[in-house]
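User: I'm at the bench most days and rarely read models closely. Could you walk me through this one, feature by feature?

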Amino acid sequence: MNSLNILGFFVVLIFFGLMIAVAILIRQKEAPKLREIAAFKRLGRAIGLAVEAGSRLHVSLGRGQMLSRQSAIGFVGLSILDRIGRSTSISDRPPIATSGEGTLGILTQDSQRVTAKYLGVESDPTRGRITGVTPYSYAAGTLSFIEEEEIGANLLIGSFGNEVALITDAAERKEGMTLGGTDNLAGQAVLFAAAQEPLIGEESYAGGAYLGAGRMHIASLYVQDIVRWVLIGIILLGALLKLFGVL
Amino acid sequence: MGADWYYSIGSSSEVIRCAVRNPLYPAIAIGVGIVVLLGYFLQIELLVNVRIIFLEWATILIGVALLIGVINLFIVHLNKAISDHPSRYNSIALLVGLILTLLVVGWFKPTHAVSVWIFKYIQIPIESSLVALLSIVLIYSGVRLLRRKPNLLTIIFLATAVVILLVSGPLFGIEIPGLAALRIWIGKVPAVAGARGILLGISLGIIAAGLRILMGADRPYGEN
């Protein structure tokens, strides 16, 4: 067991403890206030507009492999899909999801099935589609799908690379709103330029908290902020110690 | 997955259905997650061995999921091909391509010259043409960004992209003084600093998302 492993283990344990503590504190207080993120504010409006106009919402979950760190953003996308499915319960056009990975595709269909069961409506397995299994085949499949369906807003939350620009371009041509977040640096740069509402860094993981997925989502956001400030402090301290020749 | 249990309250004319959460799926997810996490950090032989077994099972399941994904793709396009959908010809082309590729690769094996030919002379050129299209789309996106958000951040973003592009390729033999040094400085200082900041945020997001699943607060496996 090396020292880096032990350090990592303790960081995870502290994170876990803080999440529990903050979740308990939130329970005692009323309606915790979250930092405003323009993208999620606009998403709320887009959901309402889509329900009124009878258009669909499209959630694209990317190609995150389940045995890699990319799976986390895929799970966040699934959580958002679930929340949106419940929010648009009065719409006659439920949200539709696309993905580029087999496991994500199955989880997408399963999530939609459970949401349909919760709402007491019939589930359609073709609303969760795998549009391609390589980056560009996935993009090509998704953009042709955006062309064909009447989509009011596109949420691209998952692991994407440069190819995401093709998807956002198709969405823009159909005059649909685009909100995008990814765990890939190149994909983030592309989304900053191409998406109407880009999510940067950890903002991509905050969707659940802003869509009312539960107390633990909000607690995890607070803990991320606490740990971030601790890390900033450590980095600055390290830089100062280096500057003065201590390190 | 995700079989909910229900019980009913009230008379037959007014029944309220209350979902009772099935504890089996979260228990499996949390249990396996904790073993894999501990096996990663603590190098105890038993934990490491169990972790490897779980990862091997997951790898097999991912392979099966890919197969199911291809079947899903086939069914969606088959339904479209037999309907009077305007884009049914695209679906027919996809189905023909899929069946032919499966037959060829299944008959000759994936590493045979004929299978490699399909990959080399059909798939790679098509994907390359999409990459070429991407460069045009990105330029267009840059212009659209300037129209949508004409602020200082956008100008810095686009100016940086232009500087990197100018130095990345030959510019008719012209050398703009200081541009190469500026590109090196951008690559070494602001780009690295920004990337590290973003990666730090992503890492914290990944830890939070993982712990939410381990606690059962987030259940992406349908049972809810």
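Analyst: Happy to. Let's begin with handedness: a crossover is right-handed if, with the strands pointing away from the viewer, the path from the first strand over the helix to the second runs clockwise. Keep in mind that this is a predicted model.

User: Which elements of chain A make a right-handed β-α-β unit with strand 1?

Analyst: Strand 1 of chain A teams up with helix 3 (residues 71–87) and strand 2 of chain A in a right-handed β-α-β unit. Strand 2 of chain A then goes on to a further right-handed β-α-β unit, with helix 4 (residues 102–119) and strand 3 of chain A.

User: In what sense do these strands pair, parallel or antiparallel?

Analyst: Strand 1 (residues 56–62) and strand 2 of chain A run parallel, with three bridges between them. Strand 2 and strand 3 (residues 128–130) of chain A are also joined by three bridges in the parallel sense. For a feel of the register, follow A:Ala97: A:Val59 stands opposite A:Ala97, and in strand 3 of chain A the bridge partner of A:Ala97 is A:Gly128.

User: Which way do the residues of strand 2 of chain A point?

Analyst: Here's the general idea: in a regular strand, side chains alternate between the two faces of the sheet. In strand 2 (residues 96–99) of chain A, A:Ile96 and A:Thr98 point one way, while A:Ala97 and A:Ser99 point the other way. All four are buried.

User: How is chain A divided into domains?

Analyst: Chain A has domain 1 (37–213) and domain 2 (215–247). The C-alpha centres of these two domains of chain A are 32 Å apart. As for contacts, five residues of domain 1 of chain A touch four residues of domain 2 of chain A. On the domain 1 side, that is three nonpolar residues, one polar and one charged.

User: Over to chain B. What pattern does it follow along the sequence?

Analyst: Chain B reads β-β-α-α-α-α-α-α-α, that is, two strands and seven helices. Of the 224 residues in chain B, 12% count as buried. Another way to read a fold is by how far along the sequence its contacts reach. Among contacts in chain B between residues at least 6 apart in sequence, 25% join residues at least 24 apart.

User: How many residues of chain B are in contact with chain A?

Analyst: There are 52 residues of chain B in contact with 64 residues of chain A. On the chain B side, the elements giving two or more residues are helix 2 (45–81), helix 4 (113–148) and helix 7 (190–215). Helix 7 of chain B gives the largest share, 16 residues. By class, this side of chain B holds 33 nonpolar, 14 polar and five charged residues.

User: Is B:Arg183 buried, exposed or partly exposed, and why?

Analyst: You get there by counting neighbours: a residue is buried if 20 or more other C-beta atoms lie within 10 Å of its own, and exposed if 12 or fewer do. B:Arg183 counts as partly exposed because it has 18 C-beta neighbours inside 10 Å. B:Arg183 sits in helix 6 (residues 179–188) of chain B. Beyond its neighbours within four places in sequence, B:Arg183 is in contact with B:Val163, B:Ile164 and B:Val167. B:Arg183 and B:Glu45 are 138 residues apart in sequence and, C-alpha to C-alpha, 49 Å apart in space.

User: Which residue in the loop between helix 6 and strand 5 of chain A has a positive phi?

Analyst: Most residues other than glycine have a negative phi. A:Glu175 has a positive phi of about 60 degrees although it is not a glycine, and its place is in the loop between helix 6 (164–173) and strand 5 (177–181) of chain A. A:Glu175 is exposed, with 8 other C-beta atoms within 10 Å. In chain B, B:Lys109 has a positive phi near 80 degrees. B:Lys109 lies in the loop between helix 3 (88–108) and helix 4 of chain B and is exposed, with 10 other C-beta atoms within 10 Å.

User: Where in chain B does pLDDT stay under 50?

Analyst: Over residues 1–19 of chain B. Where pLDDT is low, the predicted coordinates should not be read in detail. The model has 31 contacts beyond four places in sequence for that stretch of chain B. Chain B has a mean pLDDT of 85, with 89% of its residues at 70 or more. For the complex, the predictor gives an ipTM of 0.90 and a pTM of 0.86.

How values were computed
Residues numbered from 1 in each chain as written. Chains lettered and ligands numbered in written order. Contact = placed C-beta atoms within 7 Å. Nonpolar A, V, L, I, M, F, W, Y, C, P; charged D, E, K, R; others polar. Domains from an automatic or database assignment. Pairing = 2+ DSSP bridges. pLDDT = per-residue confidence, 0-100.
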